[in-house]
Amino acid sequence: MQRISQLASHLTKTHPKTFLRNFTSKMASNNSNIHLYTVGTPNGIKVSILLEELGLPYKVTPISFSKNEQKEPWFLEINPNGRIPALTDTLPDGTPINLFESGSIMQYLVDRYDTEHKVSYPRGSKEGYEVNNWLHWQMGGLGPMQGQANHFFRYAPEKIQYGIDRYQNETRRLYSVMERQLEKGDYLVGDRATIADFACWGWVAAHHWAGVSLDEFPKLEAWLHRLLERPGVEKGRHVPSPHTAFDMKNKSEEELEKEAEKSKAWVQAGMKADAKK
């Protein structure tokens with residue numbers, strides 16, 4: 001109680017209109033018990049970037065795909081779907097909560113902790129609904145389509161040109177959607193970077209791995225590097241391991257094929273295991 005009184009005394013010295021908002025934000029942060037289970041993939045770094053942008057304390061447990069840790073019973077208790085990222089936290093009433101699906105995790109984090117709307121908009125606002133548009137667009141479009149481009153271009157046991165063309169072309173189309181949107185401003189929605197931007201950033205950063213160039217998307221490329229200048233993005237992209245997407249552009253296709261070979265075995269093994277269920 002003494003700590004709460006000291007915090008309240010300090011905050012009341014600020015402008016009266018911001019006291020309650022700041023006090024609520026501070027107490028919400030102090031009550032967090034965030035534990036992130038992740039891998040440094042475009043889906044995984046969405047959440048670590050957001051956590052860093054919000055300045056929240058959190059623990060990290062890296063998950064090993066090669067050891068199939070995401071299918072172990074303890075992990076399935078957190079995410080029954082056996083995918084990363086997953087996150088646990090404690091609600092204000094002391095109840096533990098498990099969260100999975102990156103978009104759901106991001107919405108939870110801003111709803112609970114971004115009380116000052118640093119990277120979000122007020123619930124019910126026009127901009128808030130527009131952020132949801134783009135978040136769901138990424139979850140249902142950009143991520144799955146570019147993910148399939150990755151699979152057919154890098155991980156499939158045989159090169160199927162139809163699959164490669166289908167998903168690379170769809171990724172380019174989705175990039176063109178972002179390009180048109182970014183002609184309106186620096187971010188996908190309004191005057192600030194939001195979870196819509198953070199959700200898409202890791203995928204666009206990995207464009208070269210999918211075999212897609214940004215040469216025809218100058219606004220998108222400028223957006224990619226604009227967000228990279230943010231300390232939260234820069235720090236969060238390296239959780240739980242160094243982010244190497246930009247290094248891919250400096251490697252030959254032969255070197256990239258060798259990189260892909262390291263992952264092909266567990267990708268194929270995982271597909272076979274899933275097919276038996």
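Here are three short exercises on helix packing and backbone geometry, each with a worked solution.

This is a predicted model, where local features need pLDDT of at least 70, side-chain atom pairs count only at pLDDT 80 or more, and totals for chains, interfaces and linings use all residues. Residues are numbered from 1 along each chain as its sequence is written, and side-chain values use heavy atoms, with hydrogens and water left out.

**Exercise 1. Work out how many residues of helix 8 are buried, and what covers them.**

- Step 1: Get the terms straight. Helices (H or I, at least four residues) and strands (E, at least two) are DSSP runs, numbered from the N terminus. Buried means under 20% relative accessible area, exposed over 50%, and partly exposed in between (1.4 Å probe, protein chains only).
- Step 2: Count. Helix 8 spans residues 195-205, and eleven of its eleven residues are buried. Among them are D197, W201 and W203.
- Step 3: Look for the cover. It includes helix 3 (44-54), helix 5 (102-113), helix 6 (126-155), helix 7 (161-182), helix 9 (218-228) and helix 10 (231-236).

**Exercise 2. Find how helix 9 is oriented against helix 7, and which residues meet.**

- Step 1: Take the axes, which are lines fitted to C-alpha atoms, for helices over the stretch in contact; angles run from 0 to 180 degrees between N-to-C directions. Helix 7 and helix 9 pack at about 80°, with their axes 8 Å apart.
- Step 2: Classify the angle. Under 35 degrees is roughly parallel, over 145 roughly antiparallel, 65 to 115 roughly perpendicular and the rest oblique. So helix 7 and helix 9 are roughly perpendicular.
- Step 3: List the contacts (heavy atoms within 4.5 Å). Y175, M178, E179 and L182 of helix 7 meet P218, K219, L220 and W223 of helix 9.

**Exercise 3. Spot the unusual backbone geometry in the loops, starting from cis peptide bonds and positive phi.**

- Step 1: Recall the background: most residues other than glycine have a negative phi, and most peptide bonds are trans.
- Step 2: Check the prolines. A cis peptide bond joins I84 and P85, with omega about -5°; P85 sits in the loop between helix 4 (73-76) and strand 3 (86-90). Another cis bond joins V239 and P240, with omega about 5°.
- Step 3: Check phi. N68 isn't a glycine, yet its phi is positive, about 60°. H117 isn't a glycine either, and has a positive phi of about 55°.
- Step 4: Add accessibility. N68 has 31% relative accessibility, so N68 counts as partly exposed. H117, at 26%, is partly exposed.
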